[in-house]
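I opened this notebook to record what I looked up in one structure. The entries go from the whole chain to a single element.

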Amino acid sequence: MKWPGALAVLVAGAAQADPVVPQFTEETASAGLGTIYDGDWQFMVGGGVAGFDCSGNGFPDLFLSGGAGPSGLYRNLSAQGGALVFERTDAIDLEGVTGAYPLDIDSDGVTDLVVLRQGSNRLLRGLGDCRFEDMTEEWGFDGGDAWSTAFAAIWEAGADWPTLAIGNYIDRHEDLFPWGSCTENWLHRPEGQGFAPPLALTPSHCALSMLFTDWNRSGQPALRVSNDREYYRGGQEQLWQIAPGQPPRLYTEDEGWQQLRIWGMGIAAADLTGDGFPEYALTSMADNKLQTLRDPASGRPDYIDIAFAAGATAHRPYTGGDIRPSTAWHAQFADVNNDGRRDLFIAKGNVAEMPDFAADDPNNLLLQSSDGLMVEAGDRAGVASMEVARGALVLDLNLDGQLDLVVVNRWRGPQIWRQSSAPGGNWLQIRLAQEGANRDAVGAVVQVLRDGVLEWHDLAVGGGHASGALGWLHIGLGAADRVDLRVIWPGGEVGPWHEMQANGFAILRRGDAPENWQPDG
Amino acid sequence: MTLDRRLFLATGLCALTRPAFARDPGREALAREVLVTWHRLVLELVRHTATYSPPVAARAFGYLGVVAHETLAAMDPALRSLGGQLNGLARPHVSEPQADKALALHSALSDAAGVLFGNTGPMGQRAHGTMTARLGADLATELDHETRTRSAALGQRITAHVLDWAAGDGGAEVANMGFALDYTAGPRPEDWQPTSLIRQQQAPLLPDWGRVRPFAMPADAICGVALPPAYDTQPGSEFHSAALEVHEVTARLTEEQKLIARFWADPPMLSPTPPGHWIAILLDIADRDDLPVETLAAALARLGAAQADAFIACWDAKYRYNLLRPVTYIRHHIDPDWTPLIETPPFPEYPSGHSTQSSASATALSAIFGEDFAFEDRTHLGDGLPARHFPSFRAASEEAAMSRLYGGIHYRFGNEAGLAQGRCVGAYAAALEMRA
């Protein structure tokens with residue numbers, strides 16, 4: 001497929017002429033989030049936030065990286081549809097934290113937390129009621145001693161324990177000559193009820209984002225790695241084939257992988273074109289990429305960039321008067337206005353005080369319009385913050401069906417926005433569950449048949465910028481008040497179609513009928 | 001010597017900062033090491049700072065070379081100041097024969113690098129600060145207070161003098177990484193059109209760079225180029241044939257030709273840029289041949305002036321002719337699916353910038369080292385590209401020019417015009433008098 005064709009079908013079946021701009025109300029002052037991502041150059045990257053339910057009430061709680069300062073776990077006290085309210089717990093106050101991702105590592109039904117750090121990474125086992133215990137050593141996990149900045153997880157075929165990929169940045173002890181000092185990325189594979197010593201994912205090129213993704217719908221996710229060209233020598237973006245029982249292997253130019261060298265900082269994936277294959281947003285500096293397969297039928301990982309054609313370059317501030325190029329970090333696809341089209345949020349902020357790049361660099365909220373183009377709406381939506389952003393999450397914090405937003409800023413406190421739009425399009429939120437290993441079905445695909453069009457929604461843990469969520473999968477439905485939905489479970493089993501009513505929550509247990517869910521009270 | 005980090009650490013700064021520093025055989029050799037070490041750092045800063053497109057990098061290298069030579073000239077009456085020789089530069093009228101060369105150079109280069117390469121990011125700033133403090137402290141160890149003070153002050157004074165001169169050349173302020181904020185394509189079919197999918201590069205790079213004040217080349221006698229072939233879309237015409245040659249050559253590239261294209265690609269932010277490539281060549285020669293510090297400083301000043309002037313002359317010509325790139329022509333008139341081997345730079349084609357500046361560099365270096373001076377180019381070892389051996393600077397410049405045809409980003413006539421223009425430009429730098 002040529003890129004104009006890809007663009008032409010970027011959105012299938014869209015009916016509205018222009019995207020409805022959602023309205024966000026900033027509730028930073030009252031929400032109770034106090035952790036600051038602090039520190040000197042050792043924390044110029046990272047600054048992640050994890051969203052997951054540690055209390056068991058279904059509402060996403062938040063864990064915030066603190067950089068050189070203490071990190072913080074916040075219990076979500078918000079009422080459904082109400083103001084965003086959080087209460088800090090004393091459960092986790094690790095220092096040196098750059099990011100975190102939730103994952104039920106031991107498949108006990110309670111979400112655990114992978115904490116990336118300057119220093120030894122930690123695996124925190126969830127005990128319920130937002131309590132945790134450090135199981136790093138008990139699970140045989142080598143936390144290492146590096147500047148960890150990227151993470152992705154998957155259950156490889158047949159495994160009852162996850163495989164964890166960790167990306168590392170420059171040698172932090174190299175204070176004079178950091179260029180070319182990228183340290184090894186690691187692949188932690190299972191060994192019994194724990195982890196084997198990590199494999200080095202070499203060559204390593206200063207990864208700032210990683211994502212297991214089934215790019216060719218083979219059922220075997222590969223590992224995409226986005227790398228920061230500021231510090232590597234001879235590096236590029238990477239796609240690792242991770243075959244069970246086999247050493248990791250990089251896809252090559254002969255196989256179709258094209259060299260791309262950017263200041264890779266974040267990865268977001270979603271099928272925007274409706275062909276079932278994910279597109280990838282890659283954040284960088286002065287330019288951002290939106291990749292689609294050149295020819296999906298070829299089976300080759302050969303991508304072309306459609307960011308310019310799609311209006312998704314987000315290369316320069318669009319408000320505030322600073323015309324210097326932008327610096328982009330966390331990227332996430334989500335349907336923020338429930339119009340049935342996936343939009344793109346990008347967190348922006350200068351590395352520190354780089355004079356070539358914008359100091360006043362507003363976050364982007366790119367709304368997908370009916371013609372497939374992305375339309376900037378960050379300022380109109382009220383989220384065009386000029387703080388120095390890093391990690392972020394777009395998720396429904398008060399379970400009203402409208403996505404909210406939390407952004408981690410360097411040196412300053414995080415910001416949080418409640419979506420306060422008038423009710424508009426319909427939505428659906430689901431959680432997957434299965435017995436045995438991989439309780440949350442990480443790696444599954446949710447297929448939605450809406451108005452005759454098939455949508456693909458991947459359930460992944462990884463990507464973004466040091467930030468990840470595990471919990472309700474939000475799907476915007478537009479005008480549809482019911483859709484058909486099925487799950488392709490990890491391992492490839494295709495579940496039955498279920499008719500789902502809009503504007504509700506449902507838990508899909510493998511082999512069972514959907515179970516409606518409502519928060520207490 | 002290459003830009004490889006391990007080699008750098010093994011032979012450069014570490015040699016100066018380890019305790020054995022005090023046993024170094026002489027301050028003269030130490031002064032040369034200071035000069036090399038600072039230049040190796042700025043090569044990294046150029047690679048990792050967005051401002052430094054090739055013309056901007058060449059300008060900064062040029063002034064840094066002048067700072068080095070003028071600092072030494074202020075201590076050595078056998079050297080001739082470039083004041084009065086370079087456009088608008090007055091003699092500093094400073095004489096400090098008792099100053100220490102190593103510390104004076106360190107002081108001068110630290111200050112100069114802090115301004116000329118000041119757009120670097122936090123790690124570059126940190127490296128600059130660490131280098132300044134650590135190297136400065138080590139260099140001062142064996143010196144008495146008066147010598148330390150005199151040497152540091154000399155370096156600072158020379159740098160201030162040169163930077164004051166540099167500030168008025170029209171190239172000191174570079175906004176938006178050098179890209180115009182708006183651009184309206186010219187009306188002629190041969191006018192340059194954007195070739196990149198990067199939004200920022202829909203406007204060309206540094207359209208006014210041709211008006212920057214040159215170093216050695218007279219501002220009112222900028223080296224020009226002959227008219228390019230008349231634009232024509234008819235098969236068999238000179239222009240069509242030139243484009244067809246690009247298409248045909250790139251269709252049957254040998255592995256060696258692909259390697260040559262990539263070796264001289266020198267893309268901004270992924271390499272020290274084309275002018276940095278030639279600086280790296282000179283630094284390697286300095287290490288290999290133990291060049292005296294005065295010789296190296298003079299060579300850096302000459303090379304820097306030649307390169308800076310080359311980009312000024314080349315950019316002046318580029319925007320006079322505003323010629324479209326091969327990728328634009330070929331896709332419209334020969335093969336709509338054609339893609340060049342390397343990325344097409346975001347500015348007009350004629351003449352080839354790498355050809356102009358490589359030819360100017362070769363002219364300047366040949367004037368110093370001779371026409372048949374063989375050397376090994378190890379610039380890209382750290383990026384996995386093997387060293388290349390050249391029998392002369394001229395041969396290297398000609399290969400650099402040909403690499404643009406292999407890469408599919410220039411017509412042959414653009415390369416040849418660049419080589420000729422570079423010879424003209426380089427002659428001015430070669431004529432500079434470095435000794436009294």
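The entries below concern one chain and then one of its helices.

Entry 1, the model. I note at the outset that this is a predicted model.

Entry 2, the chain as a whole. I counted the secondary structure of chain B and found 15 helices and two strands. I then compared its radius of gyration, 22 Å, with the globule rule, which gives 22 Å for 436 residues; the two are close, so chain B is as compact as a globular protein of that length. Along the principal axes, the C-alpha atoms of chain B fill a box of roughly 75 × 40 × 40 Å.

Entry 3, burial and contacts. Of the 436 residues in chain B, I found 56% to be buried. Among contacts in chain B with a separation of 6 or more, 83% are accounted for by residues 24 or more positions apart.

Entry 4, the length of H14(B). I checked the span of helix H14 of chain B, residues 393-407. Its 15 residues, at 1.5 Å a residue, should span 21 Å, and the end C-alpha atoms are 21 Å apart, which agrees.

Entry 5, the surroundings of H14(B). How many of the 15 residues of H14(B) are buried? I found 12, and the helix is therefore recorded as mostly covered. Among the buried residues are Phe393(B), Arg394(B), Met402(B), Arg404(B) and Tyr406(B). The cover over the buried residues includes helices H8, H9, H13 and H15 of chain B, together with strands E1 (375-377) and E2 (388-390).

Entry 6, the end of H14(B). Just after the helix, I noted that Gly408(B) takes a positive phi of about 80°.

Key. Residues are numbered from 1 along each chain as its sequence is written. Chains are lettered from A and ligands numbered from 1 in the order in which they are written. This is a predicted model: local features need pLDDT of at least 70, side-chain atom pairs count only at pLDDT 80 or more; totals for chains, interfaces and linings use all residues. The expected span of a helix is 1.5 Å times one less than its number of residues. A residue is buried if 20 or more other C-beta atoms lie within 10 Å of its own, exposed if 12 or fewer, and partly exposed in between; C-beta atoms are placed from the backbone. Two residues are in contact if their C-beta atoms, placed from the backbone, lie within 7 Å. The radius of gyration is taken over C-alpha atoms; the globule rule is 2.2 Å times the number of residues to the power 0.38.
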